[in-house]
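Biologist: Please take a close look at one helix for me, with what packs around it and the wider setting it belongs to. I'd be glad of the cut-offs as you go.

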Amino acid sequence: MTKDIDHISKTEFMEKLESYRKGSITRRHFLNVTGLGAATAVLGATVPGLRPSPAFAGNIGDRVVVATWPNYHDPANFEAFTEATGAHVQVNVFGSNEEMLAKLQAGATGWDVYVPTNYTIEDYVKEGLIEPLDTSKLPNYDASAFDPRYAEAGSVDGTLYAVPKNWGSTGMAVNTKHNDGKPISSWKEFFDITMDKFSGRTMVHDYQLTTIGSALNYHGYSFNSVDEKELADAEKLLIEVKPHLFAITSDYQPSMRNGDAWLTICWSGDGKQLNTDIPEIHYVLGKEGGEIWSDYFAIPKSSERKEAGYALINFLLDPQVNAKEVLAHGYPTADSRTFDLLPDSLKNDPILFPAQELLDPLEFGAAVTLTDPNRAELMARFKSA
Amino acid sequence: MTHRTRNWLLLAPAGTWFLVMLIIPLSVVFIFSFGERAPSGGVVPAFTFEQYANLPARWTAFKNTMTLAPIGTLLALLIAYPLAYFLAVKANPKWKTILLVLVIVPFWTSILIRSYAWIFLLGGRGIPALLEWVGLEGIRLINTPFAVLVGIIYGYLPLMVFPIYVSLDKLDKRLLEASSDLGAKPWRTFLQITLPLSIPGIATGCMLVFILLMGEYLIPALLGGGKVFFVGNALVDLFLQSRNWAYGSAVAVALVAVMLITVTFYMRLISRLGASREDVSIM
C-alpha cells in the first residue's frame, strides 16, 4: 500500500490553496479567468494518471466530481468521505450560476454533484439537465429538519430535485477605517459614497443578479425587477458609477484584504471570513433590501457516477459533518439538527444569523431574474461601456 | 502512386485540421450570427440582421481593442528593436546564446502566471507603495489602461524581438562596412541600410503581436479589473454570462472582419514599403 506517497496529501493541497486565497490569488478568479474549472473536469475524467488509486475503491466507484463555489467546503470532510468509501472527491470551482448553466447547456459532462442556487433549479428542470432525487438513497435527509424557506426551491411541481446545502445573504463589506470607523447601512450610501470619497475604491460583482439588483435597490425598486423603466434607471446609475469603481469582479477578497479596495458587494460567508481576519471590515445588509438565497445539492442527469453522487450528498447532510462545513465556510445552515451542534458564538453571530428586521426586506432571486435577456444584456453593456 | 495523389495525401492532415478546426466552426459562428437568442440562453435559428444592427452597443470594446492593440504593438516595437539590434549586431558572440536564452526564459512560465505577478507589482502594495516612498502619492496603477498596456508589452515582447533579431542577424555586415567606407555617418548607415533591410522582421513581429492583441482576453481581464474591456472580453461575457450566442457570434464575425481589413491594409502598406526599397537598391 503506497497510498499518497508520490504526491502531497489532499489536506496539504487544500491548505496551499487556502493560503493562496488568503494572499492575493483566489481560485475563483483563477478558474474564472482560465476556464480551468471545466477543463479539470474534462481532464480528470479522461487522463488515467489523474485518477486516484483504484486499490481503495469501494462499491460506489473510485471518485466523485463536485462542481461548487469557492471556499465552500471543509476539505477534512472530503478526506473523511474518501476514508469511509474509497471514493476520492474531485472539486471543480465555478464563478457564477450563469457559467454553470451555460456549460451544462453546452453539453459539459463529468460532474456528479453540483450546487445550484434556489432560482436556477426551475430552469435546470425545464432544460432537462437535472435528475429527480431518490430520497431512499439519502437517509440523512430529513425534510422536517429544514426551514422550508430555504428548502422549498428544491422541489419543482412536487418533485424533489435538490436538497438544501446552506443559505446566505448578499450585502456589502466596508472597511470602516476609511469612513471614520463608521459602517454604512444602505445601497443608497453604497453608491453615493462610491461617487464621493470612496471613488476608485469600490467593487461590484461581475454578476448581473447582484450588481443590477443593488442598483435597483438604490432606487427603491425590487432586487428582482425586470421592468424596463426600472432597469433603465439602474443602468444609468451603474454607468455613472463605473468610472469610480476599482473593479468589476466577483473575486473581491484579495483587494479588500490588501487595502486596494474599501467597499464591495459581498456574500455573507465572504463577509464573515473577511471580518474574522480583519475586524475593521464590517459586513452589512442594505436597509432597502437585497438578496437572500439558498444553495442546494443536486445531481446532473449527465452524471456517470450517480451512486457516488448520492453517497457524497448523504455524507454532507450528516449533521455532524454539516456542522464542520458551516465552521469552514461561514454560511448559515437551514438544518435545525446542524444548527443545534454549532457553538453558541456562531448561533448568535450577526453576520450568519442577522436580526429578523434586517432579513425582512431581503428577497429571494427569481428564476426570471437570472434568465431575463434584458438584465443579461444590461450587465454586458455596463461592462463594455 | 501518382505525383498528384501523393501531394493530396501530404496535404490531407493539414487540410482536415483546417476544415474541422477552422472552416466548420467559423461557418457555424457565421450562421449563428443571423439567429436570435433563445429564451433561456443559447441560439434559435432565424434570418435577421438584428444582431448586426446592435453592434454599436459594443463600440467601446472595439474602440479599446483598436486603440490599445496598435499602441501596444508600436511600444513593443520601440522597446524590442534596440534590444534585437544589440543582440544581433553589438553583443559579444560569446554571450549571444545566453542572452537569447534569457529572452526566451519567461516563456517557460505560463502567461497567466506571469500576468498574475503584475497584479501584485501594480497593486497598492507594489510599485505605487514604492512611488509613495519617494513622495509620489495617490498613484493607482492596477485596473487601468496603463496596467493593461504594461501587461501586453511584457507578455508579447519576445514575439517582437525574435523576428527582428533574425532579420538583423542575417544582415550582411559587409554592407555596413561599405557604407562607412564610403563616408556615411553611423545614423545614416542605420537609416539607409540597417533599417530597410530589417523591415521584413519588423513586419512579421508587428503582425504577430498585433493579431494576437486583437483577440486578447486574459491580460485585460486580469490587469483591467473588468473595466478595460477588449472585444475578447465582451465575447466571453456574451457566451458565458448573458448566454446570447447569436449576438456573440455577430460580434465575433465583426472582429474577424475588422482584423481582415486591418491586416490587408497593413500587408499592402508593407509590400509598398518593400517595393520602394527595391527602387532604392536599384538606384
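Modeller: Happy to; here is the helix, then its neighbours, then its chain and the partner chain.

This is a predicted model, in which local features need pLDDT of at least 70 and side-chain atom pairs count only at pLDDT 80 or more, while totals for chains, interfaces and linings use all residues. Residues are numbered from 1 along each chain as its sequence is written, with chains lettered from A and ligands numbered from 1 in the order in which they are written.

The helix I have chosen is H13 of chain A, residues 319-329. Helices (H or I, at least four residues) and strands (E, at least two) are DSSP runs, numbered from the N terminus. A:Asn322, A:Ala323, A:Glu325, A:Val326 and A:His329 are the buried residues of H13(A). Buried means that 20 or more other C-beta atoms, placed from the backbone, lie within 10 Å of the residue's own; with 12 or fewer a residue is exposed, and in between it is partly exposed. An α-helix has 3.6 residues a turn, so residues three or four places apart point the same way. Looking down the axis of H13(A), the buried residues fall within an arc of 155°, so they line one face of the helix; the arc is that of the directions from the helix axis to the C-beta atoms.

What covers that face? The cover of the buried residues includes helices H4 (75-85), H11 (268-277), H12 (306-317), H14 (336-341) and H15 (344-347) of chain A, together with E6. After H13(A) comes A:Gly330, with a positive phi near 75°.

E6(A) deserves a word of its own. E6(A) pairs with E10(A) in the antiparallel sense over 4 bridges; strands pair if DSSP finds at least two bridges between them. A:Ala173 has A:Tyr283 of E10(A) as its bridge partner. E10(A), residues 281-284, is covered on both faces, with A:Ile281 and A:Tyr283 buried on one side and A:His282 and A:Val284 on the other.

E6, residues 162-175, also gives two or more residues to the side of domain 1 that touches domain 2 in chain A, as do H2 (27-34) and H6 (121-126). Domain 1 is 10-167 + 293-346 and domain 2 is 168-292 + 350-384, bounds that come from an automatic or database domain assignment. Domain 1 puts 23 residues into this contact and domain 2 puts in 22, where contact means C-beta atoms, placed from the backbone, within 7 Å.

Stepping back, chain A has 18 helices and 12 strands, and 54% of its 385 residues are buried. Of its contacts between residues at least 6 apart in sequence, 78% join residues at least 24 apart.

Finally, the partner: 32 residues of chain A are in contact with 34 residues of chain B. H2, H5 (97-105), E8 (245-248) and H18 (373-384) of chain A each give two or more residues to that side, and H18(A) has the largest share, 8 residues.

How values were computed:
Contact = placed C-beta atoms within 7 Å.
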